[in-house]
Amino acid sequence: MNADEKFELIKRNTVEIIGEDDLKEMLSDETNKREKIAYIGFEPSGKIHMGHYLQIRKMMDLHKAGFKVVILLADFHAYLNQKGTLEDIGKLGEYNKSVFEAMGLEAEYIYGSEYQLGAKYTEDVYKLALRTTLKRARRSMEVIAREDDNPKVAEVVYPLMQANDIKHLNVAVAVGGMEQRKIHVLARELLPNMDFESPICLHNPVLSGLDGVGKMSSSKGNLIAADDEDKDIKKKIKEAYCPMKEVDGNPILEIAHYYLEYPAELKRPEKYGGNVVFESYEDLEKAYVEGLHPMDLKNMVAESMIKIITPIREKMKGMNI
């Protein structure tokens, strides 16, 4: 791939890239000395699902474009976000790693606890604390923090550590869902004062839960898991929120957008209109707004999900996950 092709591969299905010109320069200028490292962090907690896979596929794109991919298994972040004991979080981290490998991701996996207790890391957290207001730190956590009427001090330590991770992992491209945006912007502002170049920030969409309420989440149970059986996938999608003719907030259309391969074929009996081929997601969305039945859409999505999940599930069984 040439530089333009690499850029288009990285950009596809993203919401935004902050520092787009810097990314283009990095891809086109072979004399650029900045190491091509892309990272994303995951708090080990609960089932790995198709919302995670959206992020993992972007890391695969970056790997194809020549980046070294680092996955931060953010055990201390999960602990600060009240996701359980460090022992339980550590076990979930190993599960996360195994599932990501079953998904086909080639990456270096690092636990936060491997380096976040070091003297230099701690010193840098203190420096960041002096450069950040309490209000700004809390605002950056609004979407990420667990709901708490009496929030812990941990809520303002978390974003400082995340900014510090970018420096200590020598990250050029920081990846995350849109809920990470405020923390990434904070890191871009703070890190140049810490003798580190601002990271390029790549933000992916956040997949909605099947119930149409908030994002796909293991804690809410509104997910399609990476190890779901075919019958469970069909049942979940059949029961999912999918309002007739509505696009916004429709989780089934979101899945169709990001996971169907186009051209995509809807297979149905002649008495229900026969087979239809949609050349693009835009064609499918237009047909849905004009009256394509939700069950037709759900059947397409279920078939696609089964095709994607089956090899992942079989690999997980082979790895005894």
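Is Tyr 39 buried or exposed? In the predicted model examined here, Tyr 39 has a relative accessibility of 2% and therefore counts as buried, since the cut-off for burial is under 20%. The residue belongs to strand β2, which spans residues 37–42, and this strand is mostly covered, with 5 of its 6 residues buried. When neighbours within four places in sequence are left aside, the contacts of Tyr 39 comprise Met 59, Val 70, Leu 72, Gln 162, Asp 165, Ile 166, Leu 169, Val 171, Val 173, Ala 174 and Val 175.

Tyr 39 is also one of the residues that UniProt, in an unreviewed entry, lists under "binding site", together with Tyr 158, Gln 162, Asp 165 and Gln 180. Of these listed residues, Tyr 39, Tyr 158, Gln 162, Asp 165 and Gln 180 are included in the lining of the largest pocket. Two of the listed positions, Gln 162 and Asp 165, appear among the contacts of Tyr 39, and both of them also touch His 77.

Tyr 158 is placed in helix α8, which covers residues 154–168, and with a relative accessible area of 5% this tyrosine is buried. Beyond residues up to four places away in sequence, Tyr 158 touches Glu 43, His 77, Leu 80, Asn 81, Met 141, Ile 144 and Ile 183. The contact with Glu 43 has a polar component, in that the side chains of Tyr 158 and Glu 43 make a polar contact at 2.5 Å. His 77, another partner of Tyr 158, is found in helix α4, formed by residues 75–80; its relative accessibility of 2% means that it counts as buried. Apart from neighbours within four places in sequence, His 77 is in contact with Glu 43, Gln 116, Tyr 158, Met 161, Gln 162 and Asp 165, and Glu 43 is thus contacted by His 77 as well as by Tyr 158.

The strand that carries Tyr 39 is part of an open sheet of 6 strands, arranged in the order β1-β6-β5-β2-β3-β4 with mixed pairing. The edges are occupied by β1 (16–18) and β4 (108–111), each of which has a single partner strand, so that one side of each is left without a neighbour in the sheet. From one strand to the next, the twist averages 25°. Helix α5, comprising residues 86–102, packs on this sheet and touches β2, β3 (68–73) and β4, with its direction making about 170° with that of β4.

Within the sheet, β2 and β3 are paired in the parallel sense over 6 bridges, and Gly 41 stands opposite Leu 72 in β3. Leu 72 is also among the residues in contact with Tyr 39. Strand β5, formed by residues 173–177, runs parallel to β6 and is joined to it by 5 bridges, with Leu 202 of β6 serving as the bridge partner of Val 175. On the edge occupied by β1, the pairing with β6 (residues 200–204) is instead antiparallel and extends over 3 bridges. Here Ile 17 has Leu 202 as its bridge partner in β6, while Glu 16 stands opposite His 203 of that strand. Leu 202 is accordingly named as a bridge partner both for Ile 17 and for Val 175.

The environment of β6 is one of burial, since 5 of its 5 residues are buried. In a regular strand the side chains alternate between the two faces of the sheet. Both faces of β6 are covered, with Ile 200, Leu 202 and Asn 204 buried on one side and Cys 201 and His 203 buried on the other.

Two further regions complete the description. The unreviewed UniProt entry annotates residues 44–52 as "short sequence motif: 'HIGH' region"; in the model this span is 33% helix and 0% strand, and its end C-alpha atoms lie 11 Å apart. His 257, in turn, is placed in helix α11, which consists of residues 251–259, and at 28% relative accessibility this histidine counts as partly exposed. With neighbours within four places in sequence left aside, His 257 is in contact with Asn 13, Tyr 262 and Tyr 281. His 257 and Val 301, although separated by 44 residues in sequence, are 9.8 Å apart in space when taken from C-alpha to C-alpha.

Conventions: Residues are numbered from 1 along each chain as its sequence is written. This is a predicted model: local features need pLDDT of at least 70, side-chain atom pairs count only at pLDDT 80 or more; totals for chains, interfaces and linings use all residues. Side-chain values use heavy atoms; hydrogens and water are left out. UniProt positions are given in the numbering used here, feature names are shortened, and annotations may be inferred rather than shown by experiment. On a 1 Å grid over the protein atoms alone, a cavity is a set of points where a 1.4 Å probe fits but cannot get out, and a pocket is an open set with protein on both sides within 12 Å along at least five of seven lines; lining residues have an atom within 4 Å of a point. Helices (H or I, at least four residues) and strands (E, at least two) are DSSP runs, numbered from the N terminus. Buried means under 20% relative accessible area, exposed over 50%, partly exposed in between (1.4 Å probe, protein chains only). Contact means heavy atoms within 4.5 Å. A polar contact is a pair of N or O atoms within 3.5 Å; within protein, one must be able to donate a hydrogen and the other to accept it, and residues adjacent in sequence count only if both atoms are side-chain atoms. Two strands pair if DSSP finds at least two bridges between them. Axes are lines fitted to C-alpha atoms, for helices over the stretch in contact, and angles run from 0 to 180 degrees between N-to-C directions.
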